[in-house]
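I am opening a notebook page for this structure and will write down each thing as I look it up.

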Amino acid sequence: MMCNTTVLKSLCPVMAMGLAFTASGATLTWDAGGDGVSTFQEANWTAIDGAPGTDPPADTVNPESPISLDLFVGGSATAGGTGAGGNFVLADGFSLTVQDNATFRLALTFQGGKGISNPAGGANGILNLLGSSETSGHFLELLDVSMSDAADLELNSGVDPLNNTTIDLAADWTGEIRLLNELVADTTSEHLSKITVGGDAAQVGVNVLIVSDGNTGSVLTVIPEPGSLALLGLGALCVLRRRRA
């Protein structure tokens, strides 16, 4: 279509922006420019690819609607919480990355539980948890999750918090997966097979530990590799020598 009239010329920039977010797969980053809370308020996101420095068009990020974008929450930002809306749905093959010291959260309630999901029938959505970030919600569904550094994940559902979801933990990951309503036995029998550590199947006592959180939940952590333990011991020895000196 040619923009060769005054009316069309005024519309073309808007149309081009819409196409950038629907066809080219723009990337959004959280900037808290709106209410600073709702993950579904476009003013809280800014484009870093496709239309730099601008908010995405209305209805780009809606609850219960697949989002065909790669999204980033970083720095020390806190995204979500009360007023966050419904489920955060990633379209097939698109990703949400929570990194640095950021927090991404959905309301932790059984009434109208909120989670991060992907519509069935295609490639899973992708969730990357990095740095010292923390992500919390009710459940994850049809996602491929990777966790590294000291990133934490907390889920509140007591039915299936990792529904058709796989999690790959880096071998040197030092964070926690907290399933607040899954006992140790349930986590072991129902969810251990969904988890890998450095690409290897998770095995209790071999590469992961699962302990009670002291209530109705469980906490999963990675057992450090021998090489990592040796480095930790060497670091402690150096500190001890310095103190003696």
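Over which residues does the pLDDT stay under 50, and how many contacts beyond four places in sequence does the model have for them? I looked this up before anything else, since I am working with a predicted model.

**Confidence.** I find that pLDDT stays under 50 over residues 1–24, and that the model has 24 contacts beyond four places in sequence for this stretch. Over residues 228–245 the pLDDT is likewise below 50, and there I find one contact in the model beyond near neighbours in sequence. For the protein as a whole I note a mean pLDDT of 81, with 76% of the residues at 70 or more. I keep in mind that predicted coordinates should not be read in detail where pLDDT is low.

**Aromatic pairs.** I then went through the rings and found three aromatic pairs in the structure. In one of them the ring centres of Trp30 and Trp45 are 5.1 Å apart and the planes make 85 degrees, which is over the 60 degrees required, so I enter the pair as edge-to-face. Trp30 belongs to strand β1 (residues 27–30) and Trp45 to strand β2 (residues 45–49), so that this pair links distant parts of the chain, 15 residues apart. I checked burial for Trp30 and Trp45, and both are buried.

For Phe88 and Phe104 I read 5.3 Å between the ring centres and 80 degrees between the planes, so this pair is edge-to-face. Because Phe88 lies in strand β5 (residues 88–89) and Phe104 in strand β7 (residues 103–105), the pair ties together parts that are 16 residues apart in sequence. Phe88 has a relative accessibility of 0% and therefore counts as buried; Phe104, at 0%, counts as buried. I also note that ring pairs link Phe40, Phe88 and Phe104 into a cluster.

**Core.** Phe88 came up again when I turned to the largest nonpolar core, which has 45 residues and in which Phe88, Leu96, Ile116, Met147 and Leu169 have the most contacts. Strand β12 (residues 143–147) gives the most to this core, with three residues. I listed the contacts of Met147 outside its neighbours within four places in sequence, and among them are Leu129, Leu153, Ile167, Leu169, Trp173 and Ile177.

**Gly125.** Where does Gly125 lie? I place it in strand β9 (residues 125–129), and I find Gly125 buried, with a relative accessible area of 0%. Apart from its neighbours within four places in sequence, Gly125 is in contact with residues including Leu90, Phe94, Asn118 and Leu142. From Gly125 to Leu96 I read 8.2 Å, C-alpha to C-alpha, with their places 29 residues apart in sequence.

**Sheet.** Finally I traced an open sheet of seven strands, with mixed pairing, in the order β4-β7-β10-β13-β16-β20-β19. β4 (78–80) and β19 (208–212) each have a single partner strand and stand at the edges, so one side of each is left without a neighbour in the sheet. From one strand to the next the twist averages 10 degrees. Within the sheet order I looked at strand β10 (residues 134–137) and strand β13 (residues 152–155), which pair in the parallel sense over four bridges, and I see Glu134 standing opposite Asp152 in β13. Helix α2 (residues 184–191) packs on the sheet, where it touches β16 (177–179), β19 and β20 (218–222), and its direction makes about 145 degrees with that of β19.

Methods:
Residues are numbered from 1 along each chain as its sequence is written. This is a predicted model: local features need pLDDT of at least 70, side-chain atom pairs count only at pLDDT 80 or more; totals for chains, interfaces and linings use all residues. Side-chain values use heavy atoms; hydrogens and water are left out. Rings of Phe, Tyr and Trp (its six-membered ring) pair if their centres lie within 6.5 Å; planes under 30 degrees apart count as stacked, over 60 as edge-to-face and the rest as tilted. Helices (H or I, at least four residues) and strands (E, at least two) are DSSP runs, numbered from the N terminus. Buried means under 20% relative accessible area, exposed over 50%, partly exposed in between (1.4 Å probe, protein chains only). pLDDT is the predictor's confidence in each residue, from 0 to 100. Contact means heavy atoms within 4.5 Å. Two strands pair if DSSP finds at least two bridges between them. Axes are lines fitted to C-alpha atoms, for helices over the stretch in contact, and angles run from 0 to 180 degrees between N-to-C directions. A nonpolar core is a set of buried Ala, Val, Leu, Ile, Met, Phe, Trp, Tyr and Cys residues joined through side-chain atoms within 4.5 Å.
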